[in-house]
Amino acid sequence: MPRGRKPRLWIKVDCEGVLRGSINYLLPLEGQAVWLKMIAYSEVCGGRPGWIEDNNGKGLPLEFIAQELHCPVEVLELVLEKMKEDKAIETNGTGSIHLVNFEHYQFGEYDRQQPYRLGKKEAEKVESKTDKKPYGEFKNVMLTDEEHQKLIERFGPSDANTRIENLSSAIASKGYRYKSHYATILTWERMDTKRGMGKPDNSSSPDKYIKGKYGHLVQR
């Protein structure tokens, strides 16, 4: 964007991402608040939306950013470290901070309703361009062949199918909407692991386990 760009005075926030996204297990509550402020800050500072930098495209001192966000430098450093590991941010040679998925935060209700406005036939054309196929009992979990194969390789055929069915039921019964169903299944798996809901070893009795919220087995 050219220097002197007039920034928006608002941003759109993905509610599913805020409530169930990776920031919930990567960051403490204070860090989550700083991350949300960084999203807003990346819109109003510098010349490019989604970047934290000065008007010349160069990075800002962390102390200055922390002052703008009203947070301790240590908390900002933690957020930067964790979100880099999660590939949610990148920095260039000048120290500018790029929020990789910034455009995703601008994905609004108008965009979500587009398939319905296009009509069934047009929506099918849009879906075909992504090469995704429907899975699950309600045919509402959209995965590419590669994504489906990766789930099988990671969890095994039975467990992969269980996770797909859990997501299919959640979408059908609760109206959940996700940008990537493949990423959602992996996120649920990480959240299960964070809660200690790992799969039991083969020596354990299956009667000692019940199904966890996201498809794992957890000890009674």
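A nonpolar core is a set of buried Ala, Val, Leu, Ile, Met, Phe, Trp, Tyr and Cys residues joined through side-chain atoms within 4.5 Å. The exercises below apply this idea and a few others to a predicted model, whose protein chain holds 11 helices and 7 strands.

**Exercise 1. The nonpolar cores**

Task: State which residues of the largest nonpolar core touch the most other members, and which elements give two or more residues to this core.

Solution. The largest nonpolar core has 24 residues, and those that touch the most other members are Trp35, Met38, Ile52 and Leu76. Turning from residues to elements, we find that α3 (29-44), α4, α5 and β3 (97-99) each give two or more residues to this core. A second core, separate from this one, has 16 residues and includes Tyr135, Phe155, Leu186 and Trp188. To see the surroundings of one member of the largest core, take Ile52: when residues up to four places away in sequence are not counted, Ile52 touches Met38, Tyr41, Ser42, Cys45, Leu60, Ile65, Ser96, Ile97 and Leu99.

**Exercise 2. Helices α4 and α5**

Task: Decide whether α4 is roughly parallel or roughly perpendicular to α5, and describe the contact by the classes of its residues.

Solution. Two packed helices are described by the angle between their axes and the distance between the axes. Helix α4 covers residues 62-69 and helix α5 covers residues 73-85, and the two pack at an angle of about 105 degrees with their axes 9 Å apart. Angles of 65 to 115 degrees count as roughly perpendicular, and α4 is therefore roughly perpendicular to α5. On the side of α4 the contact is made by Leu62, Glu63, Ile65, Ala66 and Leu69, and on the side of α5 by Val73, Leu76, Glu77 and Leu80. Sorted by class, the contact of α4 with α5 has 7 nonpolar residues, 2 charged residues and no polar ones.

**Exercise 3. Helices α10 and α11**

Task: Carry out the same kind of analysis for α10 and α11, beginning with the angle at which their axes cross.

Solution. The axes of α10 and α11 cross at roughly 110 degrees and come within 11 Å, so these two helices are roughly perpendicular to each other. From α10 the residues Arg163, Ile164, Asn166, Leu167, Ala170 and Ile171 take part, and they meet His181, Thr184, Ile185, Trp188 and Glu189 in α11. When the residues of this contact are divided by class, 6 are nonpolar, 3 are polar and 2 are charged.

**Exercise 4. An aromatic cluster**

Task: Work out which residues form one aromatic cluster, and how many aromatic pairs a search of the whole structure finds.

Solution. A pair of aromatic rings is described by the distance of the centres and the angle of the planes. The search of the whole structure finds 2 aromatic pairs. One of them joins Tyr176 and Tyr178, with 5.9 Å from centre to centre and 75 degrees between the planes, and is edge-to-face; both Tyr176 and Tyr178 are buried. Another pair is formed by Tyr178 and Trp188, again edge-to-face, at 6.3 Å centre to centre and with 85 degrees between the planes. Because Tyr178 lies in the loop between α10 (157-174) and α11 (181-194) while Trp188 lies in helix α11, this pair ties together parts that are 10 residues apart in sequence. Trp188 is buried, as is Tyr178. Tyr178 takes part in the pair with Tyr176 and in the pair with Trp188, and Tyr176, Tyr178 and Trp188 form one aromatic cluster.

**Exercise 5. Positive phi and exposure**

Task: For His70 and Lys139, decide whether each residue is buried or exposed, and say where His70 and Lys139 lie.

Solution. The cut-off for an exposed residue is a relative accessible area over 50%. His70 has a relative accessible area of 69%, so His70 is exposed; its place is in the loop between α4 and α5. Lys139 has a relative accessible area of 55% and is therefore exposed, and Lys139 lies in the loop between β4 (132-135) and β5 (141-144). As for phi, His70 has a positive value of about 55 degrees although it is not a glycine, and Lys139, also not a glycine, has a positive value of about 50 degrees.

How values were computed: Residues are numbered from 1 along each chain as its sequence is written. This is a predicted model: local features need pLDDT of at least 70, side-chain atom pairs count only at pLDDT 80 or more; totals for chains, interfaces and linings use all residues. Side-chain values use heavy atoms; hydrogens and water are left out. Axes are lines fitted to C-alpha atoms, for helices over the stretch in contact, and angles run from 0 to 180 degrees between N-to-C directions. Helices (H or I, at least four residues) and strands (E, at least two) are DSSP runs, numbered from the N terminus. Angles under 35 degrees count as roughly parallel, over 145 as roughly antiparallel, 65 to 115 as roughly perpendicular and the rest as oblique. Contact means heavy atoms within 4.5 Å. Ala, Val, Leu, Ile, Met, Phe, Trp, Tyr, Cys and Pro count as nonpolar, Asp, Glu, Lys and Arg as charged, and the others, Gly among them, as polar. Buried means under 20% relative accessible area, exposed over 50%, partly exposed in between (1.4 Å probe, protein chains only). Rings of Phe, Tyr and Trp (its six-membered ring) pair if their centres lie within 6.5 Å; planes under 30 degrees apart count as stacked, over 60 as edge-to-face and the rest as tilted.
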